[in-house]
Amino acid sequence: MGTHVEHPSIFGRLRVALTAGIAVALALIPLAVAAPASAQTASESGVAGVLPDGTRYGFIRPPDWNGTLLLDPDFMGFVGGSVPPTPTGANRWLLDAGYAIGGTSRLPTLDRVQSSVAALLSAADLFTEEFGAPRRTVVTGSSLGGFTARAAVEAAPERVDGTVAFCGGGAGVVAGWNQKLDAAFVAKTLLADGDDGLELVGIGNANAATAAWNALVEEAASTPEGRARLALAAAVGQMATFADPAMPQPEARDFDLQLEHQIATFQLFVRPSIRATIESVAGGNISWNHGVDYRQALARSGGRPLVDRVYRAAGLDLNADLDVLAEAPRVAADPDAVAWAEDNVAYTGDTGGRPVLTLHTAGDRSESTAFDDAYAQAFRAAGANALLRQAWVERAGHCSFTQAERLAAVLTLVERIETGRWAAAASPSGLNDLAARLDAGSPLDLGTAAFFRPAPQQFLRPWDGRHIGGYVPWVN
């Protein structure tokens, strides 16, 4: 068991005074998810500890617990601490509304997603020992935690009543890194063919690989020819054209600014340092590009108009470059590493009837919105379309959601569990309306919301290597 803790700064007496106007605003929110509308004085209980594998866990239970437990695999931070963190923003709102919150740390499981799921469920058992069994359990997660959140509802639907994946992992490990390989392969083949120091896979030194990719992008961005070829690489990788929070949002036909966004975030998308970590855990390379037709990939990517423009401006022959790519030697994966990665996390869409809501920024620097299509394909293959709702926020950056957006997503999922149907709040307008009412009705600054519906983007790779149809693409 963990150590029960009481501390004035974290679990001290809570006074929340809500005005009549706030109470009226909150009355517009469904009763099942409404915040407390009367003043109260209460103390919260917390528990924290370390699991046998070294994973830290912690929970906070409000005095008027409504029976719902919200689990997050990053609740204790990447490393964690001796007590649960001081709740702020959406977590503070949820505690005031009667939700118990908690979860685990990212270390030491990291990319071992199934181990992260097991740790999260073990921590939930300790919550039950301390406070009693929850009436319902919802798993949330962001970035790498998004992998765990998606995997948990498939691995243990008898323990998880629903999931909110705020970002991260929609294409799974194998398909997602295959797409990243496509971008890196095009860039190296056309810009640095023969440069053995620019590693695509089998990365030996992560720092050196990162420096090499940064140097390549910087040099290529200095010439029209290099920029054109970076644009082609970004297109087949389906990289966002609005991804750098430090830059203005481009207009629909402002191709020059769109390319600036892609160039500014290219290395963050390719991520050689993260690939090196995954290869170390998997025991080899998990990515391949045998059978990939890059001419066809460009046509289906949605990025052809931008590529055509910059190729014309550079005076380059696009068809000639596509011919070079067609003839270039392909990258083979390690079958054992691929098998490990797919066992680690490759979604089936079978959640045992449990609903899932995903949230993604349109300008994610780490993965494209096409990852959402890959995830939806898994649900369609399982005949479970009705269980999935996907939402997007018109903002640049990885997982850059406001507290109001996060809270609106959680409450919408909880209402779906309660009622068995998706309310109007699952639409962009409904989520924006709910987020606005939450912010207006709370003494907390929850921020604004920018939910919208982007143009659909089709994922270019098979969404799961086990469903390719008998072709084994990692064998030369």
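# Why do we call it that?

Mentor: Let's start with strand S6 (residues 68-72), which runs parallel to S8 and is joined to S8 by four bridges. Before you ask more, this is a predicted model in which local features need pLDDT of at least 70 and side-chain atom pairs count only at pLDDT 80 or more, while totals for chains, interfaces and linings use all residues. Residues are numbered from 1 along each chain as its sequence is written, and side-chain values use heavy atoms, with hydrogens and water left out.

Trainee: What makes S6 and S8 a pair of strands?

Mentor: Two strands pair if DSSP finds at least two bridges between them. S6 and S8 have four, so they pass that test. Leucine 69, for example, stands opposite threonine 137 in S8. S8 also pairs with strand S9 (residues 162-165), again in the parallel sense and over four bridges; there, valine 138 has glycine 162 as its bridge partner.

Trainee: And what makes something a strand or a helix in the first place?

Mentor: Both are DSSP runs numbered from the N terminus: helices are H or I with at least four residues, and strands are E with at least two. By that count the chain has 17 helices and twelve strands.

Trainee: How do you know how well strand S8 (residues 136-141) is covered?

Mentor: Look at accessibility: a residue is buried under 20% relative accessible area, exposed over 50% and partly exposed in between, with a 1.4 Å probe and protein chains only. In S8, six of six residues are buried, which makes the strand mostly covered. Arg136, Val138 and Thr140 point one way, Thr137, Val139 and Gly141 point the other, and all are buried. In a regular strand the side chains alternate between the two faces of the sheet. Over the whole chain of 476 residues, 58% count as buried.

Trainee: How do you know that the length of H8 fits a helix?

Mentor: The expected span is 1.5 Å times one less than the number of residues. Helix H8 (residues 224-236) has 13 residues and should span 18 Å; its end C-alpha atoms are 19 Å apart, so the two agree.

Trainee: Why is H8 called largely enclosed?

Mentor: Because ten of its 13 residues are buried. Among them are Arg229, Leu230 and Val236. The elements that cover the buried residues include helix H6 (172-191), helix H7 (206-220) and helix H9 (255-270), through contacts, meaning heavy atoms within 4.5 Å.

Trainee: What makes glutamine 238 unusual?

Mentor: Glutamine 238 has a positive phi of about 55° although it is not a glycine. Most residues other than glycine have a negative phi, and most peptide bonds are trans. Glutamine 238 sits in the loop between H8 and H9, and its relative accessibility of 2% makes it buried. Cysteine 399 also has a positive phi, about 60°, without being a glycine, and at 13% relative accessibility it counts as buried too. On the peptide-bond side, leucine 107 and proline 108 are joined by a cis bond with omega of about 5°.

Trainee: Why does alanine 209 count as buried?

Mentor: Its relative accessibility is 1%, so alanine 209 meets the limit you saw earlier. This residue belongs to helix H7. Leaving aside neighbours within four places in sequence, alanine 209 is in contact with Glu199, Ile203 and Pro272.

Trainee: What makes the largest pocket a pocket rather than a cavity?

Mentor: On a 1 Å grid over the protein atoms alone, a cavity is a set of points where a 1.4 Å probe fits but cannot get out, whereas a pocket is an open set with protein on both sides within 12 Å along at least five of seven lines. The largest pocket holds about 810 Å³ of space, a volume filled by probe spheres set on grid points that are joined across faces, edges and corners. Of its 33 lining residues, those closest to the centre are Ala240, Thr241, Gln258, Ala455 and Gln457; lining residues have an atom within 4 Å of a point.
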